[in-house]
Amino acid sequence: MEAIKETNFSFTGQTGFYRGKVRDVYYFNDKLAIIATDRISAFDVVLPRAIPYKGQVLNQIASHFLQATTDIVPNWVISTPDPNVTIGHHCEPFKVEMVIRGYLAGHAWREYRAGKRQVCGVQLPDGLRENDKLPEPIITPTTKADQGHDEDISREDILRSGLVSEQDYLNLELYTRKLFARGTELAAKQGLILVDTKYEFGKSNGQVYLIDEIHTPDSSRYFYSDRYAERQEKGEPQKQLSKEFVRQWLIENGFQGKEGQSVPDMTDEVVSNISERYIELFEVVTGRQFEKRALDNAINSIENSVKENILP
């Protein structure tokens, strides 16, 4: 099953390279080119097999929502010249990720179920069930780890440690709430509930920018709004569109990223199913039909698009 697992380019004028869990990043002084590969990670571990079209899905959903939020906060994007490529401003990232949750799901639910009533310093009421709507959206930041696991952190600890200045952090919180409100509105138009998501920000020349991807299945969780209330009333699992189904498959097969655990075998059927779910999410979230790029010459196409769009 053909997929874009990695790139290994060497461009004229290139000043650096970074390989993240999913993205390959090429630096060019004040600009960078980010290539969304088909790698997939869960529990902060890159899984052994790449998922066809996953990178294209992420890149194009991010482009869709970044364009829809430029009135809230400027973002890093200059152009998206290829289905898997985004060219943008090189920003110095803040060392925290701004996670915001409207519902008790995923990591927050696992913490709550274990008896914790505070998440990142935010107090939660007793008596909540999995996937219940929270009284109001809560911000639960994490540290941004270059390697290994991101860690929950409270607003107080962020300010105390100096990870972000108080004024910048207040701006990040404001932007986060406005972006989540916009994302919630856009999701509702597609029959979806934006459950939780994360935003990353950076600075360039003193200006705060929204960076990375937004409202994608790797950074967000969606429920179908149809029958949400009925499912909650009956205690049934919510029908959702997110990467949570990948995490659940791993958990069911004995893997949660813990020491000594091995990633279960990902058969062609499993890989194909994940690919189809990502494409489904693209079409539902954006309301557009997904057009699969040709994968047989994708690497050359990606390389040429960077050369043509980032160099003088």
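Guide: Let me start with a word we will need often: a residue is buried when its relative accessible area is under 20%, exposed when that area is over 50%, and partly exposed in between, using a 1.4 Å probe and protein chains only. Helices are DSSP runs of H or I with at least four residues, strands are E runs of at least two, and both are numbered from the N terminus. This is a predicted model, where local features need pLDDT of at least 70, side-chain atom pairs count only at pLDDT 80 or more, and totals for chains, interfaces and linings use all residues. Residues are numbered from 1 along each chain as its sequence is written, and side-chain values use heavy atoms, with hydrogens and water left out.

Visitor: What makes strand β16 mostly covered?
Guide: Strand β16 spans residues 220-224, and 5 of its 5 residues are buried. Both of its faces are covered: Ser-220, Tyr-222 and Tyr-224 are buried on one side, with Arg-221 and Phe-223 buried on the other.

Visitor: How do you know that β14 and β16 are joined?
Guide: Two strands pair if DSSP finds at least two bridges between them. Strand β14 (residues 192-204) has 5 bridges to β16, and the two run antiparallel, so they satisfy that rule. Ile-193 is the residue opposite Phe-223 in this pairing.

Visitor: What makes β16 and β17 a pair?
Guide: Here 3 bridges link β16 to strand β17 (residues 240-242), again in the antiparallel sense. Phe-223 has Gln-240 as its bridge partner in β17.

Visitor: What joins β6 to β7?
Guide: A hairpin does, through 2 residues. β6 (residues 77-82) and β7 (residues 85-89) are antiparallel, with 3 bridges between them, and one partnership sets Ser-79 against Ile-87 in β7.

Visitor: Why is the protein chain called as compact as a globular protein of its length?
Guide: First, the inventory: the chain has 8 helices and 17 strands. Its radius of gyration is 19 Å, close to the 20 Å that the globule rule gives for 312 residues, so the chain is as compact as a globular protein of that length. The radius is taken over C-alpha atoms, and the rule is 2.2 Å times the number of residues to the power 0.38. Along its principal axes, the C-alpha trace spans about 60 × 50 × 45 Å, and 51% of the 312 residues count as buried.

Visitor: Why does Leu-250 count as buried?
Guide: Leu-250 has 0% relative accessibility and therefore counts as buried. You will find Leu-250 in helix α6 (residues 244-252).

Visitor: What is Leu-250 in contact with?
Guide: Contact means heavy atoms within 4.5 Å. Setting aside neighbours within four places in sequence, Leu-250 is in contact with Ala-42, Phe-43, Leu-47, Phe-255, Val-263 and Pro-264. Ala-42 is 208 residues away from Leu-250 along the chain, yet their C-alpha atoms are separated by 8.5 Å.

Visitor: What do the buried residues of α6 pack against?
Guide: They pack against β4 (41-42), α2, β16, β17 and α7 (268-286). The buried set in α6 is Glu-244, Phe-245, Val-246, Arg-247, Trp-249 and Leu-250. After α6 comes Gly-254, with a positive phi near 85°.

Visitor: Why is Phe-43 called buried?
Guide: Phe-43 has a relative accessibility of 16%, so Phe-43 counts as buried. Phe-43 sits in the loop between β4 and β5 (45-46), and its phi is near 55°, a positive value in a residue other than glycine.

Visitor: Why is His-215 called buried?
Guide: The relative accessible area of His-215 is 0%, so His-215 is buried. His-215 is a loop residue, between β15 (207-211) and β16. Its phi is near 60°, again positive in a residue other than glycine.

Visitor: Why is Gln-238 called buried?
Guide: Gln-238 has a relative accessible area of 7%, so Gln-238 is buried. Gln-238 lies in the loop between α5 (228-234) and β17. Not counting residues up to four places away in sequence, Gln-238 touches Asn-131, Phe-223, Tyr-224, Arg-227, Tyr-228, Arg-231 and Gln-232.

Visitor: What covers the buried residues of α2?
Guide: The cover includes β9 (96-103) and β16. In α2 (residues 106-113) the buried residues are Gly-106, Ala-108, Trp-109, Glu-111 and Tyr-112.
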